[in-house]
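Please follow this explanation with the coordinates open beside the text, moving from individual side-chain arrangements to the outline of a chain.

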Amino acid sequence: MNIVFSLLAILVVIAAAVLGAGVAKLYFLFGVIIPYASIAVFLVGIVSRVVKWAKSPVPFHIPTVAGQQKSLPWIRNSRLESPHTTLGVIGRMALEILFFRSLFRNTKMELRNGPKLVYGSNKYLWLGAIVFHWSMLIIVLRHLRLFMEPVPSFVFAIQGIDGFFQVGLPGLYITDILILAALSYLVLRRLVDARLRYISLSADYFPLFLLLSIAVTGILMRYFFRIDLVNVKELAIGLFTFHPVVPQVTGVLFYIHLFLVCTLLVYFPFSKLLHMPGIFLSPTRNLANNSRMKRHVNPWDHPVRVHTYGEYEDEFREKMKAAGLPLDKE
Amino acid sequence: MYDSGKIIAGLIIFAALFTSPVWYDVLNGKALQRPDLVLPSKENQKECVAAAEFMRRDHMRLLNDWRYEVVRKGETYFSSDNGKEYEMRFTKTCLGCHPNTSQFCDQCHSYVGVTPYCWDCHNKPRNLSIQ
């Protein structure tokens, strides 16, 4: 049911683009107004989410992370898994963001005959995730050739490496194949395993289908039903320099692709995709495990009014003296 | 806000990266300039091997097909939609009308960031007389 709902949602998005840009020819709406609006929603949405997170109290670091904490000199500590310095924290964050360290630790549990419960390493999710994310980054950076004038040299370098095999014309990009393979795996993973299917929600399928349809429309436009790129770049440059032109692009595939990207931008700040900024604010990743070296005072503790013994004695000195009680100070 | 210094710095970096095409294009100023093609002025050749609209989108496909036809199948002539026959030769047929690559090919290619590998094999016609 969840998957049907997500598929229907994607079909509605595509149908909106087909009807709006393909049939009604609302090029200015689909090429200028909706992209501007979705970029604004994306930026404001992300910033307000992060500010909202930043307003909640920072917990103390979590000492039970996957490595030995720094303690006595003869106990070897894990500098990256349980860092006690800022440099170590940066290292742990870099491992997490660039190489998905915690997904690499993913394990699988199986009940075998016996009955016996066995645990094993399961790297496929990590592989699918890292292939998808890196392909996505490279594809986004490649798109800068249409967004920036003159085209920066690093974009040419990326294109050269990505199109290394020089298959066909326009040349085949390796990342185009990889992103399709990775996204297909990530969808199938949720469908094949009954337990995973049971816990999968519409919010899990929808972003996968959205990304998949963006990739497919982009690939169709590059290799099968080409459009005049000069018009596309003119539209993009017009948007980015705030001199929007009435789009000259006529291919409906382009508007479907653009509208799906706009949907992604709008969907982003309200969905699980927020792990992009969220990973930077993960307490188990970004807090140094240094409680043995540094005293952490709870910053939101209410100030407690205390009455020390010295003050107590000052208050009742005369009465205590009269009752013959022993005093610290005479 | 807790850790506001770090978080605001991070948000500024994020916003700057996300809007980098805006800064880049506005600072470069001449970004709105379109490619400026110099079209051939030959008397005996008024039209291209296919419609301009098709050529704009699919010339790379056509060239790829020509290469396949010539190298693999040994075909030499291409009959266009208007019934004319053209020799399937990049240097003779294509560059015959468009000899100045910097005023034709490179205009769009550098605008949309394409680096075709034509010149890995073909000589750039720098010695041809440019009309």
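In this predicted model, Arg142(A) lies over the face of Tyr173(A), and the distance to the ring centre is 3.7 Å. A second arrangement of a charge and a ring involves chain B, for the charged end of Lys233(A) is placed over the ring of Tyr111(B), at 5.1 Å from the centre of that ring.

Rings also pair with one another, and a search of the whole structure finds 17 aromatic pairs over all chains. One of these is formed by Phe42(A) and Phe14(B), whose ring centres are 6.0 Å apart and whose planes stand at 50° to each other, an arrangement that is classed as tilted. Phe42(A) belongs to helix α2 (residues 27-55) of chain A, while Phe14(B) belongs to helix α1 (residues 4-18) of chain B, and the pair therefore joins two chains. Phe42(A) and Phe14(B) are both buried. The rings of Phe164(A) and Phe165(A) give another pair, with 5.4 Å between the centres and 75° between the planes, so this pair is edge-to-face. As for accessibility, Phe164(A) and Phe165(A) are both exposed. Returning to the pair that joins two chains, one finds that ring pairs link Phe42(A) and Phe14(B) with Phe268(A) and Phe18(B) into a cluster.

The next topic is the pairing of opposite charges. How many salt bridges does a search of the whole structure find over all chains? The search finds 20 salt bridges, and one of the pairs that meet in this way consists of the side chains of Glu81(A) and Arg105(A), with an N to O distance of 3.3 Å. Because Glu81(A) lies in the loop between α2 and α3 (86-99) of chain A, and Arg105(A) in the loop between α4 (101-104) and β1 (107-112) of chain A, the pair ties together parts that are 24 residues apart in sequence. The two partners fall into separate accessibility classes, since Glu81(A) is buried at a relative accessible area of 14%, whereas Arg105(A), at 31% relative accessibility, counts as partly exposed.

Within chain B, Arg56(B) and Glu53(B) form a salt bridge in which the closest N and O atoms are 3.3 Å apart. These residues, Arg56(B) and Glu53(B), are three residues apart in helix α3 (residues 52-73) of chain B, so that about one helical turn separates them. Arg56(B) is partly exposed at 47% relative accessibility, and Glu53(B) is likewise partly exposed, with a relative accessible area of 45%. A further salt bridge joins Arg89(B) to Glu87(B), where the closest N and O atoms are 3.5 Å apart. Here Arg89(B) is partly exposed at 41% relative accessibility, while Glu87(B), at 18%, counts as buried. Back in chain A, salt bridges that share partners join Glu81(A), Arg101(A) and Arg105(A) into one network.

Cysteines can be examined in a similar way. A disulfide is a covalent bond between the sulfur atoms of two cysteines. With a cut-off of 2.5 Å between the sulfur atoms, the count comes to zero disulfides over all chains. Cys48(B), for example, is in no disulfide, and the nearest cysteine sulfur, which belongs to Cys94(B), is 7.1 Å away. Why is the sulfur of Cys94(B) in no bond with the closest cysteine sulfur? The closest cysteine sulfur is that of Cys48(B), and the separation of 7.1 Å is too far for a bond. Cys48(B) is partly exposed, with a relative accessible area of 36%, and Cys94(B) is also partly exposed, at 22% relative accessibility.

One further residue of chain A, His257(A), is found in helix α12 (residues 252-267). His257(A) is buried, with a relative accessible area of 13%. If residues up to four places away in sequence are not counted, His257(A) touches His143(A), Ile214(A), Thr217(A), Gly218(A) and Met221(A).

The overall outline of chain B may now be added. Chain B contains five helices and two strands, and these elements follow the order α-α-α-β-β-α-α from the N terminus on. Of the 131 residues in chain B, 27% are buried. Among contacts in chain B between residues at least 6 apart in sequence, 53% join residues at least 24 apart. Chain B exposes about 9000 Å², of which carbon and sulfur atoms supply 55%.

Definitions and conventions
Residues are numbered from 1 along each chain as its sequence is written. Chains are lettered from A and ligands numbered from 1 in the order in which they are written. This is a predicted model: local features need pLDDT of at least 70, side-chain atom pairs count only at pLDDT 80 or more; totals for chains, interfaces and linings use all residues. Side-chain values use heavy atoms; hydrogens and water are left out. Helices (H or I, at least four residues) and strands (E, at least two) are DSSP runs, numbered from the N terminus. Buried means under 20% relative accessible area, exposed over 50%, partly exposed in between (1.4 Å probe, protein chains only). Contact means heavy atoms within 4.5 Å. Accessible areas come from the Shrake-Rupley method with a 1.4 Å probe; for residues, only the protein chains shown count as cover. Rings of Phe, Tyr and Trp (its six-membered ring) pair if their centres lie within 6.5 Å; planes under 30 degrees apart count as stacked, over 60 as edge-to-face and the rest as tilted. A charge sits over a ring if NZ of Lys or CZ of Arg is within 6 Å of the ring centre and within 35 degrees of the ring normal. A salt bridge is a side-chain nitrogen of Lys or Arg within 4 Å of a carboxyl oxygen of Asp or Glu.
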